[in-house]
Number of protein chains: 2
Amino acid sequence: MKRHLLPLSLGLLLSLPAFAATPEEDAIERRHAAFELIAFNTSVMGGMVREKAPFDQAEFKKRALNVAFLAPMLEEHFPAGSDKGGTDALPAIWENKADFDAKMKSFQNQANLLYRASKTGTLDTLKPEFGKLIDECKACHDKYKAD
Amino acid sequence: MKRHLLPLSLGLLLSLPAFAATPEEDAIERRHAAFELIAFNTSVMGGMVREKAPFDQAEFKKRALNVAFLAPMLEEHFPAGSDKGGTDALPAIWENKADFDAKMKSFQNQANLLYRASKTGTLDTLKPEFGKLIDECKACHDKYKAD
């Protein structure tokens, strides 16, 4: 098993991003990655909610679970100092960190509630739960995201 | 609840990436996002395995669970035609799609095994399981990733 521990193979994995970055740049990249996947999975549910795509409960549940799992991956990637560079995160985040953290928790909580509802829900029962998730997104974006 | 269904608020969410992209570009961006988070969570375990950081079982387990959850998020983002543009994915993927898919499943399986092992494991028992995960990464990268 010794060969498994060679720095080389781990180095290969860790070299996935092609450039060396500061911890703040890494954090920005990682939270963008989590947001990207959250937005994608949410958009699949959104298509059903807006009746642009047929309702598929198993698919909806899968997307809700993905979002519930991805949501808590965001919070560790907002270290102080990561408001500079390629980010829309406003300095207000770090000036109101307790409020920001509470909004993150509230978003996570609603993602869990949506997943729970999706296990037995119909499109009609899921629409308002999905709407509340979007409200959670918006509450944070309005206050803490540029544009 | 009607206001929850406004296209506007959903549009806001879906507009997270600042540019309109082709489905292939979207796929590339989404798989990069999943790889980014997989690499990050793996690197935290890797630090413990290489004894650069103290072993913390709860932390290791959290990272293993994240990877187990993220691993299946990759496969839907390799549509035909997404070998062009800002990607290291080689055309060989689509020439050997069944083999590529099997390697993806094998990676997912090992991520699950590592998570299962992490529930009760010690650093000594987790090292070889982690090594097998890195081997799964490498098996796919060697054949299907440029550089």
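**Entry 1: chain A overall**

I started with the contacts in chain A between residues at least 6 apart in sequence, and found that 72% of them join residues at least 24 apart. This is a predicted model, so I kept that in mind throughout. Next I looked up the secondary structure and noted six helices and zero strands in chain A. Read along the sequence, the pattern is α-α-α-α-α-α. I also checked burial: of the 147 residues of chain A, 44% count as buried.

**Entry 2: helix α3 of chain A**

I picked α3(A), residues 57-70, and tested its length. At 1.5 Å a residue, its 14 residues should span 20 Å, and the end C-alpha atoms are 20 Å apart, which agrees.

Which residues of α3(A) are buried? I listed Phe60(A), Arg63(A), Ala64(A), Asn66(A), Val67(A), Ala68(A) and Leu70(A). I was pleased to see Arg63(A) and Asn66(A) in that list beside Phe60(A) and Val67(A).

Then I asked what covers the buried residues of α3(A). The cover includes α2 (23-49), α5 (97-118) and α6 (123-144) of chain A. It also includes α2 and α3 (57-70) of chain B, so I turned to the partner chain next.

**Entry 3: helix α3 of chain B**

I repeated the length check on α3(B). This helix has 14 residues and reaches 20 Å from its first C-alpha to its last, close to the 20 Å expected at 1.5 Å a residue. For burial I wrote down Phe60(B), Arg63(B), Ala64(B), Asn66(B), Val67(B), Ala68(B) and Leu70(B). The cover over these buried residues of α3(B) includes α2 and α3 of chain A, together with α2, α5 (97-118) and α6 of chain B.

**Entry 4: α3(A) against α3(B)**

How do the two α3 helices cross? I found that their axes come within 11 Å and cross at roughly 150°. Angles over 145 degrees count as roughly antiparallel, and α3(A) and α3(B) are therefore roughly antiparallel to each other. I noted the handedness too: α3(A) passes α3(B) in a left-handed crossing.

For the contact itself, I listed Leu65(A), Asn66(A), Phe69(A) and Leu70(A) from α3(A), and Leu65(B), Asn66(B), Phe69(B) and Leu70(B) from α3(B). Sorted by class, this contact has six nonpolar, two polar and no charged residues. Looking back at my burial lists, I see Asn66(A) and Leu70(A) among the buried residues of α3(A), and Asn66(B) and Leu70(B) among those of α3(B).

**Entry 5: α2 against α6 in chain B**

I moved on to a helix pair within chain B. The axes of α2(B), residues 23-49, and α6(B), residues 123-144, come within 10 Å and cross at roughly 135°. The two helices are therefore oblique to each other. Here as well I recorded a left-handed crossing, with α2(B) passing α6(B).

Which residues make the contact? From α2(B) I have Thr42(B), Met45(B), Gly46(B), Met48(B) and Val49(B). From α6(B) I have Leu123(B), Lys127(B), Phe130(B), Leu133(B) and Ile134(B). By class, I count seven nonpolar, two polar and one charged residues in the contact of α2(B) with α6(B).

**Entry 6: two single residues in chain A**

I looked up Gln110(A), which lies in helix α5 of chain A. Is Gln110(A) buried or exposed? With a relative accessible area of 7%, Gln110(A) is buried. Leaving out residues up to four places away in sequence, I found that Gln110(A) touches Glu129(A), Lys132(A), Leu133(A) and Glu136(A).

My other pick was Pro91(A), in the loop between α3 and α4 (92-95) of chain A. Its relative accessible area is 40%, which makes Pro91(A) partly exposed. I also took its C-alpha to C-alpha distance to Met48(A): the two are 35 Å apart in space and 43 residues apart in sequence.

**Entry 7: backbone angles in chain B**

I finished with phi. Most residues other than glycine have a negative phi, so I looked into two exceptions.

Glu51(B) has a phi near 60°, a positive value in a residue other than glycine. I placed Glu51(B) in the loop between α2 and α3 of chain B. At 54% relative accessibility, Glu51(B) counts as exposed.

Asp147(B) is not a glycine either, yet its phi is positive, at about 100°. I found Asp147(B) in the segment after α6 of chain B, and it is exposed, with a relative accessible area of 86%.

How values were computed
Residues numbered from 1 in each chain as written. Chains lettered and ligands numbered in written order. Predicted model: local features only at pLDDT ≥ 70, side-chain atom pairs only at ≥ 80, totals over all residues. Heavy atoms only, no water. Axes fitted to C-alpha atoms, helices over the stretch in contact; angles between N-to-C directions. Helix = DSSP H or I, 4+ residues; strand = E, 2+ residues; numbered from the N terminus. Parallel < 35°, antiparallel > 145°, perpendicular 65-115°, else oblique. Left-handed = near helix turned anticlockwise from the far one by under 90°. Contact = heavy atoms within 4.5 Å. Nonpolar A, V, L, I, M, F, W, Y, C, P; charged D, E, K, R; others polar. Expected span 1.5 Å × (residues − 1). Buried < 20%, exposed > 50% of the residue type's maximum accessible area, 1.4 Å probe, protein only.
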